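Work through the exercises below with the model open. Try each task before you read its solution.

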Amino acid sequence: MDNPFALLGLTELADVSEVRERWRELLFTHHPDLGGDNTHFMQLRQAYNEALDAAHNRKCPKCG
């Protein structure tokens with residue numbers, strides 16, 4: 001994935017709480033059980049995981 005932050009609509013400097021908040025917003029609009037597209041939802045989920053990892057690693061460089 002090129003830029004998970006861009007797919008989520010965030011900047012590269014977004015922290016963990018911003019990533020989680022944006023994920024919750026997207027969850028309710030793109031979840032397949034709520035009428036969203038499954039393929040797009042899977043892309044968003046992968047972007048969320050990658051962005052969350054990057055935000056954690058930026059917060060604690062020794063952790064990642």
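**Exercise 1. The outer face of α2**

Which exposed residues does the face of α2 turned away from its buried side carry?

*Solution.* Start with the ground rules. This is a predicted model, in which local features need pLDDT of at least 70 and side-chain atom pairs count only at pLDDT 80 or more, while totals for chains, interfaces and linings use all residues. Residues are numbered from 1 along each chain as its sequence is written, and side-chain values use heavy atoms, with hydrogens and water left out.

Next, fix the terms. Buried means under 20% relative accessible area, exposed over 50%, and partly exposed in between (1.4 Å probe, protein chains only). Helices are DSSP runs (H or I, at least four residues), as are strands (E, at least two), numbered from the N terminus.

Now read off the face. Arg24, Phe28 and Thr29 are the exposed residues there. On the buried side of α2 are Val16, Val19, Trp23 and Leu26. These four cover an arc of only 95 degrees around the axis, so they sit on the same side of α2. (The arc is that of the directions from the helix axis to the C-beta atoms.) The buried residues of α2 pack against α1 and α3.

**Exercise 2. The overall layout**

Set out the elements of the protein and its dimensions.

*Solution.* Count first: the protein has 3 helices and 0 strands. From the N terminus on, the order is α-α-α. The C-alpha atoms fill a box of roughly 40 × 20 × 20 Å along the principal axes. Of the 64 residues, 23% are buried. Last, take the contacts (heavy atoms within 4.5 Å). Among those with a separation of 6 or more, 53% come from residues 24 or more positions apart.

**Exercise 3. Checking α3**

Compare the span of α3 with the expected one, then locate its buried residues.

*Solution.* The expected span of a helix is 1.5 Å times one less than its number of residues. Helix α3 (residues 38-59) has 22 residues, so it should span 32 Å; its end C-alpha atoms are 31 Å apart, which agrees. Its buried residues are Phe41, Leu44, Ala47, Tyr48, Ala51, Leu52 and Ala55. Seen down the axis, they fall within an arc of 140 degrees, so they line one face of α3. Their cover includes α1 (4-8) and α2 (16-30).

**Exercise 4. The core and the loop**

Which residues touch the most other members of the largest nonpolar core?

*Solution.* A nonpolar core is a set of buried Ala, Val, Leu, Ile, Met, Phe, Trp, Tyr and Cys residues joined through side-chain atoms within 4.5 Å. The largest one has 14 residues, and Leu8 and Val19 touch the most other members. The elements giving two or more residues to this core are α1, α2 and α3. The largest share, 7 residues, comes from α3.

Follow Val19. Beyond its neighbours within four places in sequence, Val19 contacts Phe5, Leu8, Leu10, Ala14, Tyr48, Ala51, Leu52 and Ala55.

Then turn to Ala14, in the loop between α1 and α2. Ala14 is buried, at 1% relative accessible area. With neighbours within four places left aside, Ala14 contacts Phe5, Val19, Ala55 and Arg58.

**Exercise 5. Aromatic rings**

How are the rings of Trp23 and Tyr48 arranged?

*Solution.* Rings of Phe, Tyr and Trp (its six-membered ring) pair if their centres lie within 6.5 Å; planes under 30 degrees apart count as stacked, over 60 as edge-to-face and the rest as tilted. The structure holds 2 aromatic pairs. In one of them, the centres of Trp23 and Tyr48 are 4.8 Å apart and the planes are at 20 degrees, so the pair is stacked. The pair links distant parts of the chain: Trp23 is in α2 and Tyr48 in α3, 25 residues apart. Both residues are buried. Trp23, Phe41 and Tyr48 form one aromatic cluster.

**Exercise 6. The salt bridge**

Where does Glu25 find its salt-bridge partner, and how exposed is Glu25?

*Solution.* Side chains of opposite charge can pair when their charged atoms come close. A salt bridge is a side-chain nitrogen of Lys or Arg within 4 Å of a carboxyl oxygen of Asp or Glu. The structure holds 1. Glu25 bridges to Arg22, with the closest N and O atoms 2.9 Å apart. Both lie in helix α2, 3 residues apart, about one turn of the helix. Glu25 is partly exposed at 39% relative accessible area. Arg22, at 26%, is also partly exposed.
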